[in-house]
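Let's take a walk through this one together, starting with charged side chains and ending with a helix. Have the viewer open and follow along.

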Amino acid sequence: MTDIQANSLPISLKGKDVLGAAQTGSGKTLAFLIPVLEILYRRKWGPGDGLGALIISPTRELAVQIFDVLRSIGGYHTFSAGLVIGGKNLNDERDRLSRMNILVATPGRLLQHLDQTVGFDTDNLQILVLDEADRILDMGFARTLSALLSHLPKSRQTLLFSATQTQSVDDLARLSLSDPVSVGIQESGPAFSATPENLEQHYTVCELDKKLDVLWSFIKTHLQSKVIVFLSSCKQVRFVFETFCKLHPGISLLNLHGKQKQSARLTMFSKFTSTKHAVLFATDIAARGLDFPAVDWVVQLDAPEDADTYIHRVGRTARYESRGKGLLILLPSEEEGMQVALQRKGINIQKIKIRPSKTQSIQNQLQKLCFQDPEIKYLGQRAFVSYMRSVHLHKDKAVFKLDQLPVDRFAEALGLPGAPKIKFLRRELAKQKKNASRALRDGRSDQEVTREEEIMDESDESEDEAENSSAVDDDVQQPTTLSNRPAKGVKTKYDRMFDRKNQSVLSQHYNKLIEHESGDDDDFITLKRADHNLDDTIPHVAHELSRRKQNLGNAKRKVLTGGLPKKLIFDEEGDPHEMYELEDGEQWFQEKGGLEGIKTEGEKFAEGERAKMKATDAVDKQEAREKKREKKRKRKDKERATKQSGDATAVLESDAENDGYISPEFDLSAHSDDEGSPPYKRNKASQDTEHNRGSVEMEGLALQLLRKR
């Protein structure tokens, strides 16, 4: 039993609130799972009692790990336990929530069920557990956690555990815990160490453009190890993973970041857990609470945000009583600030040097990959921008100095042809330049200028305008100058407007244009204008031109000033030449040997052209023969198809009896047949024949009637 378990279990079993803090890998999971099972068992909690214990975790992977441990130690109990995390089917979770006694969940999905799922009741909740509470707050779940606490009953026991105790955790403890008992490490002790004693910690200093070379060399020399490599952003993880997979280092490579789907994240988590030798590229999503067995090295390729993040990262190795090693790779601009931050937490880290002879450069290989695969190039550009943005957004500017990064060399190290354009970087540089010039002019520091600018932007313009209008007399207006204005600590927009050096440039011209002479009553309507003596030869400029004409004019202007663009070709010696460059006539004449040489060159040229024409003629004739053959073949195929279709028709028409169809017999009267049948058109000859035949028949019928009488 570890120290955190031995100290917290008696207090938790008594029903008191616990504020626990311990080193990473010290068994905090069992420190809160054992009280959960024991308290519910003592109170004879059953399926009909509803939800009895709620465990909140910051990440999905940590929630899955806690749930697996709960299943392993709670197999002999009759409690029903469930896992509620994002990325799963919401409807399937709704059907099972009402039957759960113990629930392990992430904050976002849990709040969604509390707001939307009908029948999900937490009124009988006995125990609330907040694991890695500082990480829950750092990930932006502060409002979500406050909303969750509002749904839970006040009469509950709360257990709050974390590896680091921050101000936000203390604030959360005051809100959610009642008379808590602090258990775990005491940061005020002289022998305090936030990291395990069996952890070897090292750091090295490396230029930004050499980081990937160092990482590749490290992986190649540790093929029989289990390594976790931490990077600052998801895009960097994906770029390094994709490129290193194509370079085939000789060890299994995995990646884990927040942009993956839930199924992929769980697959990567289980693969790295079960693999003996592998390298996992991950963001800080894998830095909290995850228990990967037998991790040998933790490499932090990008500097952590603060000392607490460093503690959680290196805590993935040296779990419980096992040994581990950690390597932190810092830039020259980050070394001093990071050392100060780590010393405040009582972390002693040793510096090591990298042997240049053992480092293998992969810059050329990355350039080749970016040239061959556009997707790799796109990933490299996004990784570049995401790293710059992460450095820009970090709060500790004593460690992360954006202006001291070798941007161009870093882009080349990623295999990119040039540094991508970064909008926020250009805005930041322009703002710094502006503040520096203003500070130099006013004799103030950049921080004061920035602070005054922020205050000035937040000022209300309408109030300033009302104050200025009331302070000035309506009849007599005097120009406001810097000397007669009261000294202010903050310069408003109006102050800057009157401080402009060129504000009196047009005043003389305006006075000449409109002269106010109040003494002369006769000329009070007369408008006197000044004669500017403009030159009549100035051409008229048409300002209202279409965009198409403006672009056309700009193109013509460029052609006249700079000439047409020239296409250059290079000879075997590497010298550039224009594509249609003309040689010097006199020099060429002398080199060819005068008139006789020119005739010889002409004959050679004509001979070459004749050979080309013969070859082209032969090709054209061959193509013509092929076309003629193809046309003849198509005609024969058509005739053959026509002949076959004609024979088939003749065979069908030979059967005169039924024509391929046997008509059914119907018992219908002759009268109905005559009425329903369509009229049949007969020719004149057939009509005459039938008429004669009918007259003969009529005569025969008449003779028969006479004989009967």
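Start with Glu200 and Arg323, whose side chains meet in a salt bridge with an N to O distance of 3.8 Å. Bear in mind that this is a predicted model. The two partners come from distant parts of the chain: Glu200 sits in strand E8 (residues 199-205), while Arg323 is in the loop between helix H12 (307-314) and strand E13 (324-330), 123 residues apart. How open is this pair to the outside? Glu200 has 32% relative accessibility, so it counts as partly exposed. Arg323 comes in at 58%, and because exposed means over 50%, Arg323 falls in that class.

Now look at another pair, Asp302 and Lys211, which form a salt bridge with their closest N and O atoms 3.3 Å apart. Asp302 lies in the loop between E12 and H12 and Lys211 belongs to helix H9, so this bridge ties together parts that are 91 residues apart in sequence. Are these two buried or exposed? Asp302 has just 3% relative accessibility, so it counts as buried. Lys211, at 4%, counts as buried too.

Next, find Glu132, which makes a salt bridge with Arg288; here the closest N and O atoms are 3.5 Å apart. Again distant parts of the chain are linked: Glu132 is in the loop between strand E5 (127-131) and helix H6 (133-138), Arg288 is in the loop between strand E11 (278-282) and strand E12 (297-300), and 156 residues separate them. Both Glu132 and Arg288 are buried.

How many salt bridges does the structure hold? The count is 17. Some of them share partners, and in that way Glu630, Arg633, Asp637 and Arg640 are joined into one network.

Let's leave the charges and turn to helix H14, which spans residues 363-372. Which of its residues are buried? They are Leu366, Leu369 and Cys370. Why do these three end up on the same side of H14? They cover an arc of only 95 degrees around the axis, which puts them on one side of the helix together. Turn to the other side of H14 and you'll find Asn364, Lys368, Phe371 and Gln372, which are exposed.

So what does the buried side pack against? The buried residues of H14 pack against four helices: H9 (211-220), H10 (234-247), H15 (374-393) and H16 (407-413). You've already met one of these, since H9 is the helix that holds Lys211, the salt-bridge partner of Asp302.

How values were computed:
Residues numbered from 1 in each chain as written. Predicted model: local features only at pLDDT ≥ 70, side-chain atom pairs only at ≥ 80, totals over all residues. Heavy atoms only, no water. Buried < 20%, exposed > 50% of the residue type's maximum accessible area, 1.4 Å probe, protein only. Helix = DSSP H or I, 4+ residues; strand = E, 2+ residues; numbered from the N terminus. Arc of directions from axis to C-beta. Contact = heavy atoms within 4.5 Å. Salt bridge = Lys/Arg side-chain N within 4 Å of Asp/Glu carboxyl O.
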